[in-house]
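User: I have a model open and want to go through it with you. Can we start broad and then look at single residues?

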Amino acid sequence: MASADGDLKLLNAAIDSTPLIDNHAHPLLTVEAVSKHPLLSIATEANGAALDDSKTSLAHLQAVKHLAEVLRCEQTWEAVTAAVERKRAESRDDWTKRCLEGIETILIDDGLDVAGEAENFSWHDKFTKSKCKRILRIETLASEILIRSFVGAPGKSTINEEQLTRFINIFCNAIQESIDDPDVVGFKSIICYRRGLDIPLADEVNIDDVLRGFKDIISAGVNSRETQATLNKRIEHSHLNYMIVHMTAQLIRDAPGPKKPIQFHTGLGDNDITLTKSSPSHLQSFIREYPTVPIVLLHAGYPWTRETAYLAAMYPNVYADIGEVFPCISRQGQESVLKEMLEVCPWSKILCSTDGHGFPEMFLIATTQIRSALKKVLGELVQTQQLNEKQAVQLVQSILHSNSKKLYNLRTKTVLPSFAELGTVPLARTNWTNETIIQKLKSLNAKYLRIYWFDYSSSAKCRLFPIKHVYKTLASGKPMAVSIAFAGLGLLPIDVLIPEVTATGMYSLRADWSTLRPGPAPGHVSCFGDFFHLDGSEEILCPRTLLRKTLMKVAAQGLTFLLGFEVEFVVLERNPDSTGPDKYRALRNDGHAWSMARAIADWGREGSFNTAADEILDALDAAGIAFEQLHPESAPGQYELVLAALPPLEACDTLLQARQILESVAARHGFRVTLHPKPYPTAGGSGSHVHMSISSPGGDKPQVYEAFYAGIMEHFRSIMAFTNANPASYERMQDSFWAGGRWITWGTQNKEAPLRKIQGSHWELKVIDGLANPYFVIAALLTAGADGVRRKAKLTWGDCAGDPARFSDEKRRELGIVKNFPGSVREALEALEEDDLGLPKAFVRRYINSKEAELSLLEPMTPQDRRRWLLERY
């Protein structure tokens, strides 16, 4: 049986990409206060002498593992704490932003903390997608009113019913103000700690007992601290507790408009709780008394999860939160909580939270564990056909986001994608644990791992590792990474450094497990790596990082995309004459031509490339690479493989993985596959056309997509430095060859235009070939197009119908066809020098330097020598 979450691409995309609305958490500590509190508390409710024993709990060990993987340190608490200290010292904000990554907003109960030690709720806005909101803790409010307005010197105040009435009025006015305050989205009671959840009905609350408790608290006075005064006697074990809760519920019930929820702490808590009175089942009478007041049962009621689920299922005003069990119980326990909750509770009644408090690390491990457990539990439910994948996606989006958004009446920035649109969501770097990665590798029967990267010379590079070494590394808690010299991103294909790069310095190339696929050879699996500095910071010169950053930038404009590449390639045979200058010769054929059925007639014959093609397509399918067509093209031995559309980064990764499978299988059968743009001077060339569409809402509106393509048209000359990156590219780029030609224009369904409009926002770029680095090309295209959208650029060029090279000068002028593309790499680089498209300057400079060094190598060669040189390498 396959792994529970292995092949559910859309479900996994939903789990990874849905921003979590954290419906219950607490503020982070200030810089000055953080050292006063133990980091060890992030995975336990234990305190005092019991805290140290938590180091031997499964919850603690799981927290250490997850933090160590993010911090790239040894899996020991000592190593984790040291690494956290370094992160705080480097940049507290950057580390906090990393820890709160993937959170839409936090609903913050700020009644837990000592005044002056915690950040204000709105301070957290800079780390979340949408503004954070408050949850008002009613016991803290009541205490503040008592301290501020009633408590004098112990024993000297006259305490009577009039003062109690005054307290009630002040409290009710404060609750009413909070009901009207848009920054307060709910209330919280900790009566579970102070009295227990067995709340009597409102008419059973004894006013004499309330007054007695009121007097006792005021008589006990206050304890004045430097930062905050506190009651000497808390509001506990008193009918005053009951009255406070009932008054809040009554005010919510009687308020017009949407009702703000009351959260109740239930179950899991520190030793201040009376465990037997913390079961949410005690709240049943209270729930019935206020059927219109939304009630949230926090912390899954653990260990009374089934009681919590039952109440949420049976009462329309009750909701079940699954927070704090992530990260305070074991992985098995977390999965059990999810399973028990789903036994009876509708997923539309389940909310998600972290109960994070004080330390950003708690948010990090909680969100990581929530997503990981959802993959495991929901994967099993889908595989056992209790849910289909679409239903599982709805469940994820509801629990992580939509339920809280609706219940708390929140306005959030994120618009969740539909099930169909999930296929367009860019894959995040996986948050799999090392243990999960090991299980995945075993399920693929891997013997070797290849980690690939694609460099500035458009060469595929890789390191190969025996799987035992990979398992050993991952089992030790370390990330799978390899040291690569800085020079690796400034190296020519003949292993000569470009002049601007030295041999000093090292990168860490880290595996991105979201790209893991079987292939390109039997027993091998492969993934891509990203370049990081040794201090953990990203390297913008890394091709994948450049594109990822570009996608983040255009996403901030509300733009997302789908891309589909075509792979045109020529198959060559080894030349049996080893004495000649040419290692390869044209594939023998019987009138090979475009879409000619005769060209694939010998499919199945031993020694035929078409038989190898059968293995190629099987290998692509096994790797999960969707393709739509394979057909013969025009030149001798030329074919085209059409890949399915994907989000941009995934599309580029998939293109390069497909090429590796293509090259590897062909080589095993004795063939050479080349991406040379023009291997035969008089035959059609090979491109790597890319189909683009704007997948974000409104992308098919002409005012959006026309502005996008106008931006590309305006910057086309600079873009050519990336799309046509080799002298051979300009051999292909000829007029009247369906290769895009020399003129900057566009046309509806026009194969002679460099930009072909197909339908709506779906257009095809034809002026790109297999010697281009696709990450660079797409980063350039999206940056240029997004610039057009931002400026609302007009598509001033007319729709070109026909071959612009055959038009008269007058007709070209009528259509706005007045500029040619650069005629060489050097001319394209000059255009890039003048217009860097807004790409990172360090990247543009490295790219220009690399290409100039490459030209110094290639230009002195004769055309024939250069052709042979390229055929051997591309």
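Analyst: We can take the whole chain first, then some local features.

User: Fine. What kind of model is it, and what secondary structure does the protein chain have?

Analyst: The model is predicted. Its protein chain has 28 helices and 24 strands.

User: What radius of gyration does the chain have, and what would a compact globule have?

Analyst: The protein chain has 32 Å. A compact globule of 874 residues would be near 29 Å, so the two agree. Along the principal axes, the C-alpha atoms fill a box of roughly 110 × 60 × 50 Å.

User: And how much of the chain counts as buried?

Analyst: 58% of the 874 residues. The accessible surface is about 35,100 Å², and carbon and sulfur atoms account for 50% of that.

User: What about sequence separation in the contacts?

Analyst: Taking contacts between residues at least 6 apart in sequence, 75% join residues at least 24 apart.

User: Charges, then. How far apart are the mean positions of the positive and negative ones?

Analyst: They are 2 Å apart, for 97 positive and 106 negative charges.

User: Switching to residues. Where does His299 lie?

Analyst: In the loop that runs from strand 8 (295-297) to helix 11 (305-314).

User: Is His299 buried or exposed there?

Analyst: Buried, because its relative accessibility is 1%, and the cut-off for buried is under 20%.

User: Which side chain does the His299 side chain make a polar contact with?

Analyst: That of Glu324, at 3.3 Å. Leaving aside residues up to four places away in sequence, His299 also touches His24 and His265, among others. Two acidic residues to check in that list are Asp321 and Asp355.

User: Anything odd about the backbone of Asp355?

Analyst: Asp355 has a positive phi of about 55 degrees, and it is not a glycine. The residue sits in the loop between strand 10 (350-351) and helix 14 (360-383). Its relative accessible area is 3%, so Asp355 is buried.

User: Why flag a positive phi?

Analyst: Because most residues other than glycine have a negative phi.

User: Any other cases?

Analyst: Ser458 is one, with a positive phi of about 60 degrees. Ser458 is in the loop between strand 11 (448-454) and strand 12 (460-466). With a relative accessible area of 5%, Ser458 is therefore buried. Asn445 is another case: its phi is positive, about 55 degrees, just after helix 16.

User: Stay with helix 16. Which of its residues are buried?

Analyst: Helix 16 spans residues 434-443, and its buried residues are Asn434, Thr436, Ile437, Ile438, Lys440 and Leu441.

User: What covers the buried residues of helix 16?

Analyst: The cover includes two helices, helix 2 (58-71) and helix 17 (467-475). It also includes strand 14 and strand 15.

User: Back to the backbone. Where are there cis peptide bonds?

Analyst: One runs from Tyr302 to Pro303, with omega near 10 degrees. Pro303 is in the loop between strand 8 and helix 11, and His299 lies in that loop as well. Another cis bond joins Gly519 and Pro520, with omega about 10 degrees. Pro520 is in the loop between strand 14 (506-518) and strand 15 (524-532).

User: Strands 14 and 15 came up before, right?

Analyst: Yes, strand 14 and strand 15 are part of what covers the buried residues of helix 16. The loop between these strands holds Pro520.

Terms used. Residues are numbered from 1 along each chain as its sequence is written. This is a predicted model: local features need pLDDT of at least 70, side-chain atom pairs count only at pLDDT 80 or more; totals for chains, interfaces and linings use all residues. Side-chain values use heavy atoms; hydrogens and water are left out. Helices (H or I, at least four residues) and strands (E, at least two) are DSSP runs, numbered from the N terminus. The radius of gyration is taken over C-alpha atoms; the globule rule is 2.2 Å times the number of residues to the power 0.38. Buried means under 20% relative accessible area, exposed over 50%, partly exposed in between (1.4 Å probe, protein chains only). Contact means heavy atoms within 4.5 Å. Accessible areas come from the Shrake-Rupley method with a 1.4 Å probe; for residues, only the protein chains shown count as cover. Lys and Arg count as positive and Asp and Glu as negative; His and the chain ends are not counted. The place of a charge is taken as NZ of Lys, CZ of Arg, CG of Asp or CD of Glu. A polar contact is a pair of N or O atoms within 3.5 Å; within protein, one must be able to donate a hydrogen and the other to accept it, and residues adjacent in sequence count only if both atoms are side-chain atoms.
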